Amino acid sequence: MSCQIRIEKTKTPKQKPDQNNLGFGKYFTDHMFIMDYSREKGWYDPRIVPYAPLELDPSTMVLHYGQAVFEGLKAYRAKDGRILLFRPNKNMERINLSNDRLCIPQIDEAFCVEAIKALVSVDKDWIPTAPGTSLYIRPFIIATDPYLGVRPSDTYKFIVILSPSGAYYPSGINPVKIYVENDYVRAVKGGTGFAKTPGNYAASLKAQDIAHEKGYVQVLWLDGVEKKYIEEVGSMNVFFKINGEVITPSLDGSILPGITRDSVIHLLKDWGVKVTERKLSIQEVYDANSNGTLEEVFGTGTAAVISPVGELNWMDKVIVVNNGKIGETAAKLYETITGIQWGEIEDKFGWTVEVE
Ligand SMILES: *Cc1c(COP(=O)(O)O)cnc(C)c1O
């Protein structure tokens, strides 16, 4: 799609929030990107317009059957003033993977990266500058036919909104306590686990509630068939360092293919660390803990980048990982990835994309 993006600037800019109290996902910038889809026209009328509520017919399909996909990435303000995105092409590649699963038409990946860059550029004064802060970017697509029959919609909206967000670790990285969920499941092979689609999140809330009640921050999901193999931690991919080798569950259809996961695998290989993608059972992790070879556990995702795990509870058997402290692999990965994202260390893989 080569058509121009129409830009309509707001006449009533909002007051910007206090940079030291941003939290996550609470504030939104002055503009948003929208384009529409119809069967006849394909994707059309790409535009940047003032941020505003959407007007939707109550019968709009997405509200009833959840036909939608989303993405999440960030824009970072480097010390030298440059604005950097981290592997945005990967997010657009993945939204098309999700689109395919949800019967949503494909988007033009390169054009949508340009649209994101254009929107970030229009709202660049909203990118916070305090250490660790960033501008969270949320692209999403919703089914918009006003219709209650169950079928794929004929019309859609692709929308991008921006939210200035605070540092994930305002007071240093603290390992989290994780509850291994043994009743509820997140996804099964053949389902939608590999797609970034709202229904997966709706289905995960109950287990998260229970984990919170028990004093745990997140849920570790086991496979949906045997409840034996490790899948993900909350909405992060998960890595285990056992006897010097880093192991992460392979992408078998029920796991979200994380971009941070992919970056971690690249870096570890580059450093000469043995990294293996394979099935890993929770029993194997507990056995490694018993024989003293479980060195580190950490989650990976855009929000936290690296989230070390300090404690696991599986059926009331509690293990403490690395004395509840962050491990050296997790720490080095965190320093390296955030260093690349904020333009502070060499980007030898060409992962960052500059916004003019
Ligand atoms: C988004 C997401 C991840 C992490 O993906 P990144 O691309 O690294 O941010 C992991 N698991 C789930 C379920 C997700 O939705």
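**Group meeting talk: two domains, two helices and a few residues**

Hi everyone, let me begin with Asp316, which at 65% relative accessibility counts as exposed. Before I go on, please keep in mind that this is a predicted model. You will find Asp316 in the loop between strand 16 (305-314) and strand 17 (317-320). Its backbone caught my eye too: Asp316 is not a glycine, yet its phi is positive, about 65°. As general background, most residues other than glycine have a negative phi.

Now, where else does a positive phi turn up in a residue other than glycine? One such place is Arg87, with phi near 50°. Arg87 sits in the loop between strand 6 (83-86) and helix 2. Unlike the exposed Asp316, Arg87 is buried, because its relative accessible area of 6% falls under the 20% cut-off.

Let's step into helix 2 (residues 88-101), where we meet Arg94. Is Arg94 buried or exposed? It counts as buried, at 7% relative accessibility. And what does its side chain reach? The answer is the backbone oxygen of Pro257, at 3.1 Å. If we set aside neighbours within four places in sequence, Arg94 also has Glu71, Lys196, Leu256, Gly258 and Ile259 among its contacts, along with Pro257 itself.

That brings me to the overall layout. The chain is divided into domain 1 (6-167) and domain 2 (176-341). Their C-alpha centres lie 27 Å apart, and 19 residues of domain 1 are in contact with 20 residues of domain 2.

Have a look at Tyr168 next, in the loop between strand 8 (155-165) and strand 9 (176-180). Tyr168 is partly exposed, at 46% relative accessible area. Beyond its neighbours within four places in sequence, Tyr168 touches Gly132, Ala303 and Ala304. For a sense of distance, the C-alpha atoms of Tyr168 and Lys90 are separated by 22 Å, and the two residues are 78 residues apart along the chain.

My last stop is a helix pair. Helix 5 (residues 259-270) and helix 7 (residues 328-341) have axes that come within 11 Å and cross at roughly 110°, so the two are roughly perpendicular to each other. Which residues make the contact? From helix 5 we have Thr260, Ser263, Val264, Leu267 and Leu268, and from helix 7 Thr329, Leu333, Thr336 and Ile337. Sorted by character, the residues of this contact are five nonpolar, four polar and no charged.

Thanks for listening, and I'm happy to turn the model around on the screen for anyone who'd like another look.

Technical notes. Residues numbered from 1 in each chain as written. Predicted model: local features only at pLDDT ≥ 70, side-chain atom pairs only at ≥ 80, totals over all residues. Heavy atoms only, no water. Helix = DSSP H or I, 4+ residues; strand = E, 2+ residues; numbered from the N terminus. Buried < 20%, exposed > 50% of the residue type's maximum accessible area, 1.4 Å probe, protein only. Polar contact = N/O pair within 3.5 Å; in protein donor to acceptor, adjacent residues only side chain to side chain. Contact = heavy atoms within 4.5 Å. Axes fitted to C-alpha atoms, helices over the stretch in contact; angles between N-to-C directions. Parallel < 35°, antiparallel > 145°, perpendicular 65-115°, else oblique. Nonpolar A, V, L, I, M, F, W, Y, C, P; charged D, E, K, R; others polar. Domains from an automatic or database assignment.
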